[in-house]
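Colleague: I should like to examine the terms applied to this structure. Please set each value against its definition.

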Amino acid sequence: ELQNITATGLTLATSADVVVDGILGTNSDNVSGTLTIDSGNNVSFLTADSTFNALDVQADDGVIISRNITTDTGALSFDGNTDAAAGSDDDIQIAAGITLSSNSTLTFSAAGTNITGAGALNLDADNGITINNDLFTSGTTDINADSDADGTGTLVVANSATVDTQDNALTITADDINLNTSGALDSGSASTTISVLAVIQGLER
């Protein structure tokens, strides 16, 4: 049904759970701006991969990502706890082997909780990746904040947030890395490989 809606931007708001399953680029192309999914409960991406022009996911009680998600013209953003209030499941849960890819920026927020990757995880964005809360993964983690290699993609890890691969290899590619004053990278007993074109800010912390 999404292909029957033409708009510069579209907000789908509900107090109920939302399940997204296999949205093709041809299904979402008529929304030329950002598609916002605003749920008072949970948002889940299940069964098949999805592609959007730009996507903003806002959930009060968590986001579950079990399939690959791509934005092919704009930003990709996930917030698992939009109301910043304690709920049953406010975190962002990402299945093993998932790739999240943005033609612009990629942002993760989960106030008061964290983002988890059940296994290997690939995060790709042309113009930067921002991680606002702890990211824990259980497999090889590849973060490319400048996937088009044009020198405009910064990896930002917010204050008090840690990217922790729990003893799995971490690979980062970016134009710049900004760990603020208390952001951190931790691959434990495994290797961290960083390919940066500019300055790593805050690494001395």
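Colleague: What does the secondary structure of the protein come to?

Modeller: The secondary structure comprises one helix and 24 strands, where helices (H or I, at least four residues) and strands (E, at least two) are DSSP runs numbered from the N terminus. This is a predicted model, in which local features need pLDDT of at least 70 and side-chain atom pairs count only at pLDDT 80 or more, whereas totals for chains, interfaces and linings use all residues. Residues are numbered from 1 along each chain as its sequence is written, and side-chain values use heavy atoms, with hydrogens and water left out.

Colleague: Why is the protein called as compact as a globular protein of its length?

Modeller: Its radius of gyration is 16 Å, close to the 17 Å that the globule rule gives for 205 residues, so the description applies. The radius is taken over C-alpha atoms, and the rule is 2.2 Å times the number of residues to the power 0.38.

Colleague: Why is D164 called buried?

Modeller: D164 has a relative accessible area of 16%. Buried means under 20%, exposed over 50% and partly exposed in between (1.4 Å probe, protein chains only), so D164 is buried. D164 lies in strand β19, residues 162-164.

Colleague: Which residues is D164 in contact with, leaving aside its neighbours within four places in sequence?

Modeller: They are L135, F136, T137 and D186; contact means heavy atoms within 4.5 Å. D164 and D134, 30 residues apart in sequence, are 7.6 Å apart from C-alpha to C-alpha.
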